[in-house]
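Take a look at the fold below before reading on. The report starts with strand pairing, then moves to buried elements and aromatic rings.

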Amino acid sequence: MESRQKTVLIIQNNHEMRRRLEHSLLGSPYQIVTASRALEGLDVARHLVPDMVLTDLDLPDLNGRELATMLRIDPRFRDSAIVALCRNASQDERELGFAAGINGFIEESTQLETLSVWVDFYMSGGTDGIVDTEQLAAAQDRFLQDLLGRLERRVRDLESKNEALERADKMKDSFIQLTAHELRTPLTLITGYSRLIEDYPSLRGLIQSDQELRQLVGGLSESIGRMQSIIEQILTITRIMTRQIELNLRPLVIAKVLANVIQQYESALRDRQLRLLFDPLQWPQQIIADEALLRITLDNLLSNAIKYTPNGGHVSIQGRVEGNMLRITFKDSGIGIARELQEQIFERMHIGGNVDLHTTSKTAFGGGGLGLGLAICRGIVESHGGTIWVESAGRDEERLPGSEFIVMLPLAPRNVTAPVTTSRIKPLPARSSG
Ligand code: ADP
């Protein structure tokens, strides 16, 4: 029976040294695999279960001793040879290594010339450690102390890095919010000036009679509108993230709000030959919610359903009461969403598909935006105490499996709740709005 080829895993951070070790074992009967970091080495080892691990002692993530301990607690490595490559290791260092589960040391300065002989030696069960039990027990104590000391330093280091990241994240959010605020003021002026131009008595007639001029002015105001909606989206998401969202809860007839939203898409639906199924009579009479925020949610979901459904398809919007919740579904016959992305698309700035193909249109097929729409929807829905998710059999632009977005809203939410989303995307302390 043919015996399995034995494997040596070399874990070495230094590229030159890794190549040298590999080269020294070229003629050997072993299969050589390499890793450059301890964690990568652990993954490879757990996958391949090599017969020998030859690791550097000073690796950037875990050191060689910690790596050996991690391997030894896995029963599959109880009998494997774990050997450390070292540079003038002291007796103390060697003892610590044995305590961690290392079988032997190969000295870089003297033993590399004969590496294959040493590998054969350890492969066939050889060990270095002639440490008596008392010495070993003392070394194990020192090793444990060393390990715990390193663990504490790592945790402290991670905590301070985490604090720095949170500070940077907060600064970034404030920066985005301030920028959007600053842009809103001149944009409001630009909007005003553009309206003045359209309505200016001596220009009005000219604009109406000159088709090209009409198109230019139309393009200008359409672009301004788009810019305004981008800035509003940014401001809404920063408000959600910084918990500056306050619900203005009032009884409202949701079918009426929806009819209003749909009205804005009538010409797009016509141009794209999309059939919309919506029967206001089937909807519950009244719910309690923040109308403006709910409108943003419904608008986003309808705009997405249109954007991701090719011409000739259909979109249905249904609402029904389930217990004390209102279940709203937006179902389209569009391209669908890959299962692995169905949670991610609710994160900020998540854009599925090819960004280059985005047209930043609210209704063109495949048109995209900032990837903020669904994050905003989730923030708003959760701030009402509701949930939102998507169901789709996957993305397929040929077979068009479609997507169904489901929104569950309490019919009468308790007053002003902080959106749950903020805790998932690192909450910031409440700030005074400005
Ligand atoms: P965007 O402004 O890019 O549309 P959203 O947050 O609204 O951002 O959506 C995020 C991503 O989710 C989109 O880029 C798209 O890939 C996917 N998506 C959203 N709605 C649908 C849908 N109805 N059908 C298919 N994909 C969708």
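Two strands count as paired if DSSP finds at least two bridges between them. The model discussed here is predicted.

**Overall make-up**

The secondary structure of the protein chain comes to 14 helices and twelve strands. The chain has 434 residues, and 43% of them are buried. Among contacts with a separation of 6 or more, 73% join residues 24 or more positions apart.

**Parallel strands and their crossovers**

Strand 1 covers residues 7–11 and strand 2 covers residues 31–35. They pair in the parallel sense, over five bridges. In this pairing, Leu9 stands opposite Val33 of strand 2. Helix 1 (residues 15–24) joins these two strands in a β-α-β unit, and that unit is right-handed.

Strand 4 and strand 5 also pair in the parallel sense, over four bridges. Here Val83 stands opposite Gly104 in strand 5. The chain runs from strand 4 through helix 4 to strand 5, in a right-handed β-α-β crossover.

The two pairings are set out here.

| Strands | Sense | Bridges |
|---|---|---|
| Strand 1 and strand 2 | parallel | five bridges |
| Strand 4 and strand 5 | parallel | four bridges |

Is strand 5 (residues 104–107) covered or uncovered on its faces? Both faces are covered. Gly104 and Ile106 are buried on one side, and Phe105 and Glu107 are buried on the other.

**Helix 3**

Why is helix 3 (residues 64–72) described as largely enclosed by the rest of the structure? Seven of its nine residues are buried, so the helix is largely enclosed. The buried residues are Gly64, Arg65, Glu66, Leu67, Ala68, Leu71 and Arg72. Charged side chains are on that list, including Arg65 and Glu66.

The cover comes from several elements. Among them are strand 1, strand 3 (52–56) and strand 4 (81–86). Helices contribute too, including helix 2 (38–48), helix 4 (91–100) and helix 7 (133–199).

At the start of helix 3 there is a polar contact. A side-chain oxygen of Asn63 reaches to within 3.0 Å of the backbone nitrogen of Arg65.

**Ala100**

Ala100 is found in helix 4. Is this residue buried or exposed? Its relative accessibility is 5%, and the limit for buried is under 20%, so Ala100 counts as buried.

Leaving aside neighbours within four places in sequence, Ala100 is in contact with Arg65, Ala68, Thr69, Arg72 and Phe143. Arg65, Ala68 and Arg72 are also among the buried residues of helix 3. Met70 lies 30 residues from Ala100 along the chain, and their C-alpha atoms are separated by 9.0 Å.

**Aromatic rings**

How many aromatic pairs does a search of the whole structure find? The search finds six. One of the pairs is formed by Phe121 and Tyr122, and this pair is edge-to-face. The ring centres are 5.0 Å apart, with 65° between the planes. An angle over 60 degrees counts as edge-to-face, so the 65° of this pair fits that class.

Phe121 is partly exposed, with a relative accessible area of 33%. Tyr122 is buried, with a relative accessible area of 2%. Together with Trp118, Phe121 and Tyr122 form one aromatic cluster.

Another ring has a charged partner. Arg378 lies over the face of Phe346, at 4.4 Å from the ring centre.

Terms used
Residues are numbered from 1 along each chain as its sequence is written. This is a predicted model: local features need pLDDT of at least 70, side-chain atom pairs count only at pLDDT 80 or more; totals for chains, interfaces and linings use all residues. Side-chain values use heavy atoms; hydrogens and water are left out. Rings of Phe, Tyr and Trp (its six-membered ring) pair if their centres lie within 6.5 Å; planes under 30 degrees apart count as stacked, over 60 as edge-to-face and the rest as tilted. Buried means under 20% relative accessible area, exposed over 50%, partly exposed in between (1.4 Å probe, protein chains only). A charge sits over a ring if NZ of Lys or CZ of Arg is within 6 Å of the ring centre and within 35 degrees of the ring normal. A crossover is right-handed if, with the strands pointing away from the viewer, the path from the first strand over the helix to the second runs clockwise. Contact means heavy atoms within 4.5 Å. A polar contact is a pair of N or O atoms within 3.5 Å; within protein, one must be able to donate a hydrogen and the other to accept it, and residues adjacent in sequence count only if both atoms are side-chain atoms.
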